[in-house]
Amino acid sequence: MKRIKNILCGLLLTATLLSSCTSFDELNTDPTRLQDANPGTFLNPILYEMSSYNWNRYNSYTFAVMQSKVATNSTSGVGWYNIGDGEGDGTWTNYYKWLNNIREMEKQAIALNEPNYQAISITLRSWIYQLLTDAFGDVPMTEASRGNEQLFTPKFDSQQQIYQKLIDDLEIANSLFDEASGLRYNKDGELLYETTAAVTGGKSEGIARWRKFANSLRLRILLRVANVPEFNAKAELAKMINNPTVYPVFQSNDDAAMVYITGVFPQDPPMIRPQDLTAYIVVSDFFVDNLQKWNDPRLPIFITQATNNGKKSYIGWPSGYDLVPSFNASAPNQGIAKAPMQLALMTYAELEFIKAELALKGIAGSDAKGSYEKGVKAAIEQWGGVMPASYFEDSDAAYDGTLDRIMLQKFYALFFCDYQQWFEHNRTGLPELPRGAGIPDGNQMPKRFKYPATLQRTNLKNYQIAKENMGGDNVNISLIWQKK
């Protein structure tokens with residue numbers, strides 16, 4: 001009897017242990033975490049992290065190199081064209097980090113037969129690769145992000161190869177977008193257009209806008225290489241402009257690729273302390289004077305007034321100064337750094353200025369003046385300004401039939417949009433920027449970033465091939481699309 005009792009107890013104990021093991025596994029399964037990746041899980045982190053990083057890069061680099069932000073405590077920075085060897089290192093690292101995620105997102109989209117996610121992956125990949133090649137020149141592309149294949153030393157693709165692939169890929173993305181369906185894995189919407197699986201009247205408005213972004217980006221890319229003989233860019237630009245049904249593009253600020261962030265965790269603003277925007281910083285007289293001349297409503301949105309002799313005014317310091325000015329100057333408005341806010345990937349205003357340039361040059365379209373005026377209005381309203389009815393009655397603001405006028409307004413339309421002001425200046429030489437007396441004679445507007453030094457340790461052979469193909473590795477090497 002005792003032996004039977006012991007056997008029963010043993011069986012009971014075994015059953016209890018087995019039951020406990022099952023419960024333990026269940027307890028260690030976090031119901032809030034996705035166990036399997038899908039393309040939707042990648043999208044918002046890519047959008048948030050990339051747009052936030054680019055906002056900070058505008059503030060730390062573009063703002064100064066374009067002679068708009070002036071340091072008050074140093075005369076040896078970016079505004080004096082003193083470009084450190086590592087200035088582009090963070091760009092390289094961050095962009096490739098998120099390109100890895102985009103590659104995985106695209107693989108998941110293809111495996112699950114989700115053409116909209118595949119098209120979005122292509123669009124975001126093209127956006128980042130254009131930023132990369134415009135910042136460095138030749139970069140790894142076809143062999144990049146393939147560490148899982150044991151490919152750790154990727155070759156560098158040439159700028160011609162990269163641009164051709166971007167042009168071709170965005171053509172594919174345009175054809176892949178299915179406006180009759182949404183994004184099934186983003187139930188709460190994604191950060192750019194709040195797209196969900198919902199379809200209204202047989203159409204997903206979010207997917208329609210993603211498609212417009214892809215085509216607007218393709219116009220930007222084609223314009224960048226419009227004068228490069230290896231491409232048939234002008235004909236392709238005309239084809240797109242003349243076929244808006246096949247190639248829909250931005251039509252309003254509602255279409256613009258702007259990531260809206262609330263400022264509530266996890267959507268923190270790019271700059272946690274807004275006061276850092278103005279620490280030892282003022283704005284330049286070049287930046288201030290144009291806005292004042294136009295009586296532009298963006299003036300109080302972008303900058304604050306300075307006090308001198310008891311009077312307040314908008315006034316800037318000369319950029320690249322040699323001697324510290326003896327008066328107080330306006331600073332950037334800290335409101336720019338406060339959430340809720342929108343982070344620009346590509347604006348509708350930029351699209352209209354592209355159209356204005358194409359019409360002016362006789363490449364496509366015929367209403368340069370109309371596109372110019374739409375671009376100015378969109379740029380003002382994007383920042384919450386109200387377009388004055390008399391704005392274009394001022395001869396300084398009115399369209400005058402020159403590329404100089406288009407590019408000056410485009411410069412302000414690209415405010416806080418990654419490196420676009422820098423890229424466009426290197427493409428056209430416009431707007432004409434002041435050269436401060438304190439800028440050393442040998443210092444010039446940089447054409448590119450140097451490759452990260454780590455490449456010489458981790459990918460030396462391909463780095464040397466790229467360096468030879470580029471004609472060197474310094475900031476003064478011109479890229480294929482840049483004005484010589």
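**Contacts of K374 and packing of helices α6, α8 and α13**

Leaving aside residues up to four places away in sequence, K374 touches Y348 and E352. This comes from a predicted model, in which K374 is found in helix α11, spanning residues 368-382. The relative accessibility of K374 is 47%, so K374 counts as partly exposed, given that this class lies between the 20% limit for buried and the 50% limit for exposed residues. A residue distant in sequence can also be placed relative to K374: Q251 is 123 residues apart from K374 along the chain, yet their C-alpha atoms are separated by 9.9 Å.

Helix α8 offers a view of the buried parts of the model. Within this helix, which covers residues 285-293, the buried positions are F286, F287, V288, N290 and L291. These buried residues pack against three elements, namely β3 (281-283), α9 (299-302) and α12 (403-413). After α8 comes N295, and the phi angle of N295 is positive, near 55°.

We turn next to a pair of helices. Two packed helices are described by the distance between their axes and by the angle between them. For helix α6 (residues 205-224) and helix α13 (residues 420-428), the axes come within 11 Å and cross at roughly 35°. On the α6 side the contact is made by R220, L223 and R224, and on the α13 side by Q420, F423, E424 and R427. Sorted by class, the residues in this contact of α6 with α13 are four charged, two nonpolar and one polar.

Definitions and conventions. Residues numbered from 1 in each chain as written. Predicted model: local features only at pLDDT ≥ 70, side-chain atom pairs only at ≥ 80, totals over all residues. Heavy atoms only, no water. Buried < 20%, exposed > 50% of the residue type's maximum accessible area, 1.4 Å probe, protein only. Helix = DSSP H or I, 4+ residues; strand = E, 2+ residues; numbered from the N terminus. Contact = heavy atoms within 4.5 Å. Axes fitted to C-alpha atoms, helices over the stretch in contact; angles between N-to-C directions. Nonpolar A, V, L, I, M, F, W, Y, C, P; charged D, E, K, R; others polar.
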